[in-house]
Amino acid sequence: MNDIHTIALAQLNQSRNERVMKKANATMMKYINLNNVREVMQQIETATKPQLALLTNLSVVTINALIQELCDGGELFQDKVVPSNGGRPAQAYRYNYNFKLALVLYIKEMKGQELISATVMNLENKVVLKEERILPAFDKQHMLQLIARFIKEYPSIDMIGIGIPGQAVDGDITVSSHEELIHSHLIREIESEFQLNVLVENDVNAAISGYCTQHADMKERSVAGIYFPNRYPPGMGMMLNGQMIRGKNGMFGEIKYLPYSPDWHRDMSKDDFVVNVCHILQTINAVVAPHQIVIYQERVEREELDLAWKQYGKDHPMPSLPEIVHQDSFQHDFDAGLRGMVLQALKSGILSEAL
């Protein structure tokens, strides 16, 4: 090939690459602009085109095209016509918070039986439907049937969030205080059966996340949460500067594996329970020295536990002591945390679809 042909081919390739890059840049810019409009509309719910142009720093021409695309996809819909000061009335648009829904499931102990709770929530974190059912024992097939029924009733469900008393690695529940969940392949079967993204979160992680979300002053501090169920081993979660500590394979906080741990499944006197709690508090304080330790338990009165911990501190001096906080409702913090995590994942999924 002579030099002229080589130069011509190089120019042709350069021109082609420039066209490809220009198209890619235009696609990326559209993606950014579309998500900009999405995020603004999710926050303010209703707006006219001129208002959106002002809030997003985009031209009205660009806003026209983006709104049309979002309306065609069902994410926005036309709202009322808004009168203007002396000008033409403007069409307002409303964000459709039911555009995508999430199904949030969790399993918990209730009076010695298993309770399955199912909540359908929208992009505004509002509950569309909630249902609870007690089973004598864990039944995987029942859970699959429950999910199928909700998805049939609410086809807009785009994500499933599951809170479990344990940890899942690559979709396999490897550790759980509920032995029937271990290696049950529940998560994999849900993903395979319904072809939806499944977010799995440890119950104590979700609870301490929910607690910190509701206590903004804890955002820049270290907060550990310990849950003592009535007939299962305890679990721990921890937030550090607003971030969840997870450890390898998410195994941070599996305190039932601490040395000399008792058999948490057997009946335990109140005195033995208090001593074991103090041992755990000392261990956590010695290793991570959190600002706060949040305790969820119903076995003894909080005053009794506080008094025992105070005496324990005298007998076992420590250079610093955490603030001990007793939370009455594990379920409240757990619900807030799990729903917050699922909502964030649901919104992120919508934003990524635009690319």
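A residue is treated here as buried when its relative accessible area is under 20%, as exposed when that area is over 50%, and as partly exposed in between (1.4 Å probe, protein chains only). By this criterion Asn205, at 1% relative accessibility, counts as buried, and across the protein buried residues make up 45% of the 355 residues. The structure is a predicted model, in which local features need pLDDT of at least 70 and side-chain atom pairs count only at pLDDT 80 or more, while totals for chains, interfaces and linings use all residues. Residues are numbered from 1 along each chain as its sequence is written, and side-chain values use heavy atoms, with hydrogens and water left out.

The confidence of the predictor in each residue is expressed as pLDDT, on a scale from 0 to 100; its mean over the protein is 85, and 83% of the residues reach 70 or more. The protein has nine helices and 15 strands, where helices (H or I, at least four residues) and strands (E, at least two) are DSSP runs numbered from the N terminus. Among these elements, strand E14 has the highest mean pLDDT, 97, and strand E9 (residues 172-176) the lowest, 63. Where pLDDT is low, the predicted coordinates should not be read in detail.

An open sheet of mixed pairing is formed by five strands in the order E13-E12-E11-E14-E15, two strands being taken as paired if DSSP finds at least two bridges between them. Its edges are strand E13 (243-244) and strand E15 (323-326), each of which pairs on one side only. Strand E12 (residues 235-240) and E13 pair in the antiparallel sense over two bridges, and Leu240 has Gln243 in E13 as its bridge partner. Helix H6 (residues 203-214) packs on this sheet, touching strand E11 (222-227), E12, E13, strand E14 (292-296) and E15, and its direction makes about 40° with that of E12. Helix H7 (residues 270-288) also packs on the sheet, where it touches E11, E12, E14 and E15 and makes about 155° with the direction of E11. Contact here means heavy atoms within 4.5 Å, and the angles, from 0 to 180 degrees, are taken between the N-to-C directions of axes, which are lines fitted to C-alpha atoms, for helices over the stretch in contact.

Within this sheet, E11 is largely enclosed by the rest of the structure, because six of its six residues are buried. Ser222, Ala224 and Ile226 point one way from E11, whereas Val223, Gly225 and Tyr227 point the other way. E11 pairs with E12 in the antiparallel sense over six bridges, Val223 having Met239 in E12 as its bridge partner. With E14, by contrast, E11 pairs in the parallel sense over five bridges, and Ile226 stands opposite Ile295 in E14.

Helix H6 holds both Asn205 and Thr213. The side chains of Asn205 and Glu201 are joined by a polar contact of 3.2 Å, a term that denotes a pair of N or O atoms within 3.5 Å; within protein, one atom must be able to donate a hydrogen and the other to accept it, and residues adjacent in sequence count only if both atoms are side-chain atoms. Thr213, unlike the buried Asn205, is exposed, with a relative accessible area of 63%. The side chain of Thr213 reaches the backbone oxygen of Ser209 at 2.8 Å, and the C-alpha atoms of Thr213 and Gly242, 29 residues apart along the chain, are separated by 8.7 Å.

A further open sheet consists of three strands in the order E1-E3-E2, with antiparallel pairing. Strand E1 (46-48) and strand E2 (76-82) stand at its edges, each with a single partner strand, so one side of each is left without a neighbour in the sheet. E2 is joined by five bridges to strand E3 (residues 90-95), and Phe77 stands opposite Arg94 in E3. Helix H2 (residues 49-56) packs on this sheet, touching E1 and E3, while helix H3 (residues 60-72) lies across E2 and E3 at about 120° to E2.

The largest nonpolar core (a set of buried Ala, Val, Leu, Ile, Met, Phe, Trp, Tyr and Cys residues joined through side-chain atoms within 4.5 Å) has 45 residues, and those with the most contacts inside it are Val37, Leu52, Tyr95 and Tyr211. Helix H9 (residues 330-353) contributes the largest share of this core, eight residues.
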